[in-house]
Amino acid sequence: LIPRDDARFEALFKRFHHDVFRFLIRYTGQRQQAEDLTEETFLRAYKYGGFPDDEGDHARAWLFKTARRLAADAYRRGKREAEPFDMNDPSFPEPVGDDFAGRLADKIDVRRALRRLNPADRTLLWAYYNAEPIEQIAAELGVRVNTAHKRLNRARLRAERQYRRNNHANGRLLRVRRS
Amino acid sequence: MGDTDRSFEELLREAAAETDPWRHATPPSADPARLMARLTRERESGQETLAEPAIIRRRMLAEPAIIRRRMLAEPAIIPRRMPGRFVSRRSVTAMAGAFAGVLAASVCIVWLGRDHAPAPAAEVGAPTASARPSGAGYGVPGLLPLQFPQGTAPARPVLATLARAAAARSDPPVSAKYIAIRLQTWSAGPTQPSTPDDGLVHAIDERTWWTSDFSGEQIKTVLPPQSPGVLVASPSVGPQDFAQVVYGPGDLKVAIPDPSAQAPILAGQIDAYLHDAADRTLVTAAADLFRWHPLGAGQRAALLQVLHDADGLIDRGEATDRAGRPGQAISLDTTADGTSTRDILVFDRGTGRLLDYERVLLSRPGGSAPALVAYTLYVAAGGVDTLP
């Protein structure tokens, strides 16, 4: 283990600060809360003492595990009312014309499905669909790549289930093509 | 109809891209100055060591001097975490005395009720477990004898019977302030509280009280040692060391806080629970549910129905758990990273309650197998209005 020294900790902070904040803002959907939890995560890292000198792998796993627990605790303690994003303001489908209303409704339904997912699923989907490598996602989750794929598929299925539920409730049904 | 030619995948990709908070957020400055200033302030004001509960709890478990662990004979008081609150020695003695009495009575009942014939050999068709894996400083209990009726029969028929038996019961719901669960556990490797490294089997009596805000209390007692290969639960004799931990609101990680009595809903809850950790299986989820909840008849029936609907569960016939209680055993085998494990559940045939959960290592690269990894005996579950 490396000793707890401030210079080493500052290097760790600079290296992983954005990654941890990115994870937390996705999980909480709120900037202020994400900033607070990021600070708390690094505060605990400092108190933890030190990490093995292994190119940061251990430190990254530890930081994300702590961030995940802090975010899950905050979620459980009733901070889930916050809107993670504006559901009713999707970008307008282009071009305006054929079945514009239907396409707009589809977009709102998918957003609603995304919003109803648990934050862990939502965070995973946001990371994946914003082109983050699956290896990085797996490392942040602290799992193997295969497991990350499985979780991703489960999250996708849950989103699809929510979406279908919305569609049936609205009397519409989108044809779902599995990739 | 809406845009029927667009796939859900495309819509989801589009929605995820548009709504990702990270894409629309300006990253905060990665300047550690603010954090270091906070640390300095905490250090100067002496708050650092009391910063947050997780740190306190870890320290309690790590340092014998701080952990609330006392011999009952000592003229000591047991401090709680909250300043100004204390438990008197008298109440601790009374609590521990009552607990020891109940445990002694239950063990006596179990002892009187069980067959004192020599313990049967390990399960038919399986190699004998090594009582002490090479290099381990702890003793390992024997494998529970299991039957293999007609080879490996699916567990569906017996689970359907158990679900019907559970549904036919009418347990009154637990309406007390605290849920109280009592277990006896053993697991390979390090334990909390730590057990002696003497090559003997050290089971732990674990009592947990928790309430709706996920706060509560846990008392663990190391039970008297037993010889390796033992098949019966450890008895309790006299006053013992115990470790008491108090959890603040939100500190206890309760598995599926509100389990449904509707099988489809419970299946969804379990699915989400399994999603949170890769090493969980349906069987361990069932064991975790009983570990935290005094499940009512409807919840038990729903859980048994969920197990019934799952693939891969095997009927292991009638089994007697380590407390001498007869029950119906089922198992699930899983393999990961070259290591095969078997999770076993033993249910009470009359009530559908879980009596025993066992995990057995079937094979592992470079190690002895089969060997018991852990067991949990479900001793009691109910509710109380006040903490001990």
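This short presentation covers chain A as a whole, then a helix pair and two strand residues of chain B.

Please keep in mind that we are looking at a predicted model.

I begin with chain A. Its secondary structure consists of seven helices and zero strands, so that, read from the N terminus, the order of elements is α-α-α-α-α-α-α. Chain A has 179 residues, and 53% of them count as buried. On the outside, the chain exposes about 8800 Å², of which carbon and sulfur atoms supply 48%. As for its contacts, if we take those between residues at least 6 apart in sequence, 61% join residues at least 24 apart.

I now turn to chain B, and to two of its helices. Helix α6 of chain B spans residues 263–275, and helix α7 of chain B spans residues 282–292. Their axes come within 10 Å and cross at roughly 105 degrees. Since angles of 65 to 115 degrees count as roughly perpendicular, that crossing makes α6(B) roughly perpendicular to α7(B).

Which residues of the two helices meet? From α6(B) they are Leu266(B), Ile270(B), Tyr273(B) and Leu274(B), and from α7(B) they are Leu282(B), Ala285(B), Asp288(B) and Leu289(B). By character, the residues of this contact comprise seven nonpolar, no polar and one charged.

The remaining topic is strand β9 of chain B, residues 326–336, where Ser331(B) is found. Is Ser331(B) buried or exposed? Its relative accessibility is 0%, and therefore Ser331(B) counts as buried. The side chain of Ser331(B) is joined to that of Arg316(B) by a polar contact of 2.8 Å. Setting aside residues up to four places away in sequence, Ser331(B) touches Gly312(B), Leu313(B), Ile314(B) and Arg316(B), and also Arg342(B), Asp343(B) and Ile344(B).

Gly327(B) also has its place in strand β9 of chain B. With a relative accessible area of 2%, Gly327(B) is buried, because buried means under 20% relative accessible area. What does Gly327(B) contact, apart from neighbours within four places in sequence? Its partners are Gly317(B), Glu318(B), Ala319(B), Val346(B), Phe347(B), Arg349(B) and Leu355(B). For one of these partners, Gly317(B), I can add a distance: Gly327(B) and Gly317(B) are ten residues apart in sequence, and their C-alpha atoms lie 8.5 Å apart in space.

To close on strand β9 of chain B, both Ser331(B) and Gly327(B) are buried.

Methods: Residues are numbered from 1 along each chain as its sequence is written. Chains are lettered from A and ligands numbered from 1 in the order in which they are written. This is a predicted model: local features need pLDDT of at least 70, side-chain atom pairs count only at pLDDT 80 or more; totals for chains, interfaces and linings use all residues. Side-chain values use heavy atoms; hydrogens and water are left out. Axes are lines fitted to C-alpha atoms, for helices over the stretch in contact, and angles run from 0 to 180 degrees between N-to-C directions. Helices (H or I, at least four residues) and strands (E, at least two) are DSSP runs, numbered from the N terminus. Angles under 35 degrees count as roughly parallel, over 145 as roughly antiparallel, 65 to 115 as roughly perpendicular and the rest as oblique. Contact means heavy atoms within 4.5 Å. Ala, Val, Leu, Ile, Met, Phe, Trp, Tyr, Cys and Pro count as nonpolar, Asp, Glu, Lys and Arg as charged, and the others, Gly among them, as polar. Buried means under 20% relative accessible area, exposed over 50%, partly exposed in between (1.4 Å probe, protein chains only). Accessible areas come from the Shrake-Rupley method with a 1.4 Å probe; for residues, only the protein chains shown count as cover. A polar contact is a pair of N or O atoms within 3.5 Å; within protein, one must be able to donate a hydrogen and the other to accept it, and residues adjacent in sequence count only if both atoms are side-chain atoms.
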